Amino acid sequence: MAALRGTRVVIVGGGPAGAAVALSLARAGLSPVVLEAQDGPRMKVGECLPPSANLLLGRLGLADRVSRAGLPSHGNRFVWGSPEPAERDFIFGAGGAGWQLDRRRFEEELAEAAAEAGAVWRYGCRLFACSREKGGWRLDVTTGRGVETWRADFVVDASGRAARLARLLGARRIRYDRLVGVAAYFHSCMGEDSFTLVEAVPSGWWYSARLPGGKLVAAYMTDSDLVDHAAAREGGRWRALLEAAEHTGRRVAEGARGEPTAPRVIAAHTSRLSALAGDGWLAVGDAAVAHDPLASYGISAALGAGFYAAAAVADHLAGGRDALRAYADLVDRAFAQYLIMRHDRYLAERRWPDAPFWHRRHAPDFRGAAAGAVT
């Protein structure tokens with residue numbers, strides 16, 4: 001990877017995508033700074049890494065770290081297109097086992113790896129202004145000590161679906177659906193079952209998995225206008241929805257103990273930026289394109305995009321005139337293929353064609369931007 005030593009790159013956001021950019025740039029000899037708005041890593045829904053991520057983890061030097069933050073996952077179980085469960089066992093694939101992650105611990109490991117490589121990592125720094133200066137950028141952030149100003153030769157937006165930096169620069173967010181998740185955690189007593197479970201129901205679908213630290217997560221996925229957010233956050237209403245899902249409800253009844261954490265609503269819609277890169281900046285991970293959790297793309301796509309984004313940044317700073325355009329084209333092509341795959345996966349479930357959730361996903365324009373709303 002070509003690089004200019006000493007060049008400062010500021011990365012707004014410290015999730016998997018931002019960490020992968022920082023780690024790769026630091027190893028290339030640049031001076032990346034990560035400005036993360038939160039005060040530290042937090043528990044997040046979205047814990048699955050498929051076996052295909054193992055090659056990338058090795059390339060990033062993270063194979064040992066993921067084993068400290070995750071449990072091996074040996075397959076997927078799904079109730080989709082049929083009332084009978086089916087399984088896909090990872091033992092027959094070339095990638096080995098996948099991973100069920102403790103997201104807090106995994107993101108701690110990513111931050112430590114980036115810092116050990118030479119990145120500056122700052123928590124509690126929330127961007128509120130970004131402007132061009134001669135030869136670079138000025139970024140103003142709020143911290144617990146007041147306002148700080150950072151200067152950079154190049155800036156990277158890794159701030160998730162909020163795309164805080166890119167939207168300050170005039171980019172717009174295009175949303176393709178209204179998917180949300182309502183998730184809660186239980187204490188697990190389910191033994192060694194390492195399979196994820198995905199179950200379609202008339203109003204959406206459920207995801208559940210055993211996690212490190214004796215936890216079991218269950219998440220109900222539906223459209224934001226099809227669920228009463230206030231009611232869904234109430235444990236009793238959420239439990240009623242869970243018990244109506246035959247296989248997920250049984251799994252929780254048999255494999256969990258005690259009461260769940262308070263359910264929380266999380267964004268899960270497919271979306272992208274109107275522009276993925278520009279003069280002296282690019283977006284990466286969910287800030288650039290955000291995927292439906294059904295695809296299991298989230299974390300692995302963020303890590304992969306971070307690796308390639310770092311190469312594009314280094315190439316651009318070393319004089320590569322087409323580096324940013326090539327990066328944007330790569331993300332565009334991958335996103336187009338994802339939209340087709342997402343459409344096909346939802347088409348495989350035909351049991352409730354008239355239910356609003358499924359009717360929307362069987363519509364011809366579900367694959368393309370015609371279904372999108374610009375924000």
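The following is a conversation about a predicted model, taken one topic at a time.

Colleague: In the open sheet of six strands, which are the edge strands?

Modeller: The six strands of this open sheet follow the order β8-β2-β1-β12-β22-β21, and their pairing is mixed. An edge strand here pairs on one side only, and the two that do so are β8 (120–123) and β21 (277–278).

Colleague: Within that sheet, which residue is the bridge partner of Val9 in β2?

Modeller: Strand β1, residues 8–12, and strand β2, residues 31–36, run parallel and are joined by five bridges. Looking across from Val9 into β2, one finds that its bridge partner is Pro32.

Colleague: How far apart are the C-alpha atoms of Ala28 and Ala310?

Modeller: Ala28 belongs to the loop between α1 (16–27) and β2. The relative accessibility of Ala28 is 14%, and since the limit for buried is under 20%, Ala28 counts as buried. Along the chain, 282 residues separate Ala28 from Ala310, while in space the distance between their C-alpha atoms is 9.0 Å.

Colleague: Is strand β15 largely enclosed or largely open, and which residues of β15 are buried on the side of Leu197?

Modeller: In strand β15, residues 196–201, six of the six residues are buried, so the strand is largely enclosed by the rest of the structure. In a regular strand the side chains alternate between the two faces of the sheet. Both faces of β15 are covered, with Thr196, Val198 and Ala200 buried on one side, and on the other Leu197, Glu199 and Val201.

Colleague: Which residue in β16 is the bridge partner of Val198?

Modeller: β15 pairs with β5 through four bridges, in the parallel sense, and there Phe78 stands opposite Val198. β15 also pairs with strand β16, residues 204–211, this time in the antiparallel sense over five bridges, and a hairpin of two residues connects β15 to β16. In β16, the residue that partners Val198 is Tyr207.

Colleague: What is the average twist from one strand to the next in the open sheet of three strands?

Modeller: This sheet has the order β9-β10-β11 with antiparallel pairing, and its edge strands are β9 (126–133) and β11 (146–152), each of which pairs on one side only. From one strand to the next, the twist averages 20°.

Colleague: Which residue in β10 stands opposite Arg132?

Modeller: β9 and strand β10, residues 136–143, run antiparallel and are joined by seven bridges. Strands of a sheet pair through backbone hydrogen bonds, either parallel or antiparallel. Across from Arg132, in β10, stands Trp137.

Colleague: Why is the pair of Trp80 and Trp358 edge-to-face, and how many residues apart in sequence are the parts that the pair ties together?

Modeller: A search of the whole structure finds 15 aromatic pairs. In the pair of Trp80 and Trp358, the ring centres are 5.4 Å apart and the planes stand at 75°, and because planes over 60 degrees apart count as edge-to-face, the pair is of that kind. Trp80 lies in the loop between β5 (75–79) and β6 (86–89), whereas Trp358 lies in helix α11, residues 356–361, so the parts tied together are separated in sequence by 278 residues.

Colleague: Are Trp80 and Trp358 buried or exposed, and which cluster do ring pairs link them into?

Modeller: Trp80 and Trp358 are both buried. The cluster that ring pairs link together consists of Trp80, Trp205, Tyr346, Trp352, Phe357 and Trp358.

Colleague: How many charged residues are in the lining of the second largest pocket?

Modeller: The second largest pocket holds about 440 Å³ of space, and of the 23 residues that line this pocket, the closest to its centre are His291, Ala301, Gly304, Ala305 and Ala334. At least two lining residues come from each of α9 (298–317) and α10 (323–347). Sorted by class, the lining has 15 nonpolar residues and seven polar ones, and the number of charged residues is one.

Colleague: How far apart in space, C-alpha to C-alpha, are Gly285 and Ala245?

Modeller: Gly285 is located in the loop between β22 (281–283) and β23 (289–290). The relative accessibility of Gly285 is 7%, and therefore Gly285 counts as buried. In sequence Gly285 and Ala245 are 40 residues apart, and in space, C-alpha to C-alpha, the separation is 32 Å.

Note on methods:
Residues are numbered from 1 along each chain as its sequence is written. This is a predicted model: local features need pLDDT of at least 70, side-chain atom pairs count only at pLDDT 80 or more; totals for chains, interfaces and linings use all residues. Side-chain values use heavy atoms; hydrogens and water are left out. On a 1 Å grid over the protein atoms alone, a cavity is a set of points where a 1.4 Å probe fits but cannot get out, and a pocket is an open set with protein on both sides within 12 Å along at least five of seven lines; lining residues have an atom within 4 Å of a point. Grid points are joined across faces, edges and corners, and a volume is the space filled by probe spheres set on the points. Ala, Val, Leu, Ile, Met, Phe, Trp, Tyr, Cys and Pro count as nonpolar, Asp, Glu, Lys and Arg as charged, and the others, Gly among them, as polar. Two strands pair if DSSP finds at least two bridges between them. Axes are lines fitted to C-alpha atoms, for helices over the stretch in contact, and angles run from 0 to 180 degrees between N-to-C directions. Rings of Phe, Tyr and Trp (its six-membered ring) pair if their centres lie within 6.5 Å; planes under 30 degrees apart count as stacked, over 60 as edge-to-face and the rest as tilted. Buried means under 20% relative accessible area, exposed over 50%, partly exposed in between (1.4 Å probe, protein chains only).
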